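Me: Please give me a close look at the salt bridges of this protein. I should like to know which side chains take part, how exposed they are, and what surrounds them in the rest of the chain.

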Amino acid sequence: MQGNTDLVAGAFPVVAGGNPVHVLLKRDGGRVVGKVTYGSITPWRAFVVLAPRDRRIEFWFRTAFTMSDGTFQIGNIAPGVYDIFAFDRNDEDIYYNADFLRRYAAFGKPIGVEAYTTQSVELTLTKTAE
């Protein structure tokens, strides 16, 4: 709640109900760094998706684009177990759809993120169906 206004469309939907709400903001996020390749080619602007194993936790999804050298960084990741993918593009945020990610599951990698740590990963670009 901001003042007397409910924040139902904010990052986290909040609706006033009369009881106090306690929000714990933590700074124990992890970080993932890595590189994407496609054979001998270094793809520029590959779309990297870090998806929580529990796909219903929409706010835990993280994304990044690769730099010209194929590297990427994703920070402020809640500790947990994820799958990470490198796609050739982002089609209207379809990565939120569990069926889409299931279709490309063989091309993703499992990764565990722990508090205050940096994980390193090498990914191969996945071409999505047009």
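Reply: A salt bridge is counted here when a side-chain nitrogen of Lys or Arg lies within 4 Å of a carboxyl oxygen of Asp or Glu. Side chains of opposite charge can pair when their charged atoms come close. The model is a predicted one, and a search of the whole structure finds six salt bridges.

The part to look at is centred on Asp83. Arg55 forms a salt bridge with Asp83, with the closest N and O atoms 3.1 Å apart. Arg55 belongs to the loop between S2 and S3, whereas Asp83 belongs to strand S5, so this pair ties together parts of the chain that are 28 residues apart in sequence. The side chain of Asp83 also meets that of Arg53 in a salt bridge, at 2.9 Å from N to O. This pair, too, links distant parts of the chain: Arg53 is in the loop between S2 and strand S3 (62–65), 30 residues from Asp83 in strand S5. Taken together, Arg53, Arg55 and Asp83 are linked in a network of salt bridges.

The exposure of these three residues can be compared with the cut-offs. Buried means under 20% relative accessible area and exposed means over 50%, with partly exposed in between. Asp83 has a relative accessibility of 12%, so Asp83 counts as buried. Arg55, at 23%, is partly exposed, and Arg53, at 44%, is partly exposed as well.

Another salt bridge joins the side chains of Arg89 and Asp91, at 3.0 Å from N to O. Arg89 is partly exposed, with a relative accessible area of 25%, and Asp91 is partly exposed at 37%. Two further acidic residues follow in the loop between S5 and H1, namely Glu92 and Asp93. Glu92 has a positive phi of about 50 degrees although it is not a glycine, and with 81% relative accessibility Glu92 counts as exposed. Asp93 has a positive phi of about 55 degrees, again without being a glycine, and Asp93 is partly exposed at 38%.

To place these pairs in the fold, one may turn to the whole protein. The protein has one helix and seven strands, which run β-β-β-β-β-α-β-β from the N terminus on. Of its 130 residues, 30% count as buried. Among contacts between residues at least 6 apart in sequence, 67% join residues at least 24 apart.

Strand S5, which carries Asp83, also gives two or more residues to the largest nonpolar core, as do strands S1, S2, S4, S6 and S7. That core has 17 residues, and Val32, Val36, Phe72, Ile84 and Leu123 are those with the most contacts inside it. Leaving aside neighbours within four places in sequence, Phe72 is in contact with residues including Val32, Val36, Val48, Ile84, Val121 and Leu123. Val121 lies in strand S7 and is buried at 10% relative accessibility. With the same neighbours left aside, Val121 is in contact with Val32, Phe72, Ile84 and Ile111, among others.

The loop between S5 and helix H1 (98–103) also holds Tyr95, which pairs with Phe47 of strand S2, 48 residues away along the chain. A pair of aromatic rings is described by the distance of the centres and the angle of the planes. For Phe47 and Tyr95 the centres are 5.5 Å apart and the planes stand at 50 degrees, so the pair is tilted. Both Phe47 and Tyr95 are buried. Ring pairs join Phe47, Phe61, Phe65, Tyr95 and Tyr96 into a cluster, and eleven aromatic pairs are found in the whole structure.

Asp83 is not the sole acidic residue here that counts as buried. Asp28, in the segment before S1, counts as buried at 16% relative accessibility. Not counting residues up to four places away in sequence, Asp28 touches Pro79, Ala115 and Tyr116.

In sum, the network of Arg53, Arg55 and Asp83 combines a buried Asp83 with a partly exposed Arg53 and a partly exposed Arg55.

Methods. Residues are numbered from 1 along each chain as its sequence is written. This is a predicted model: local features need pLDDT of at least 70, side-chain atom pairs count only at pLDDT 80 or more; totals for chains, interfaces and linings use all residues. Side-chain values use heavy atoms; hydrogens and water are left out. A nonpolar core is a set of buried Ala, Val, Leu, Ile, Met, Phe, Trp, Tyr and Cys residues joined through side-chain atoms within 4.5 Å. Buried means under 20% relative accessible area, exposed over 50%, partly exposed in between (1.4 Å probe, protein chains only). Helices (H or I, at least four residues) and strands (E, at least two) are DSSP runs, numbered from the N terminus. Contact means heavy atoms within 4.5 Å. Rings of Phe, Tyr and Trp (its six-membered ring) pair if their centres lie within 6.5 Å; planes under 30 degrees apart count as stacked, over 60 as edge-to-face and the rest as tilted.
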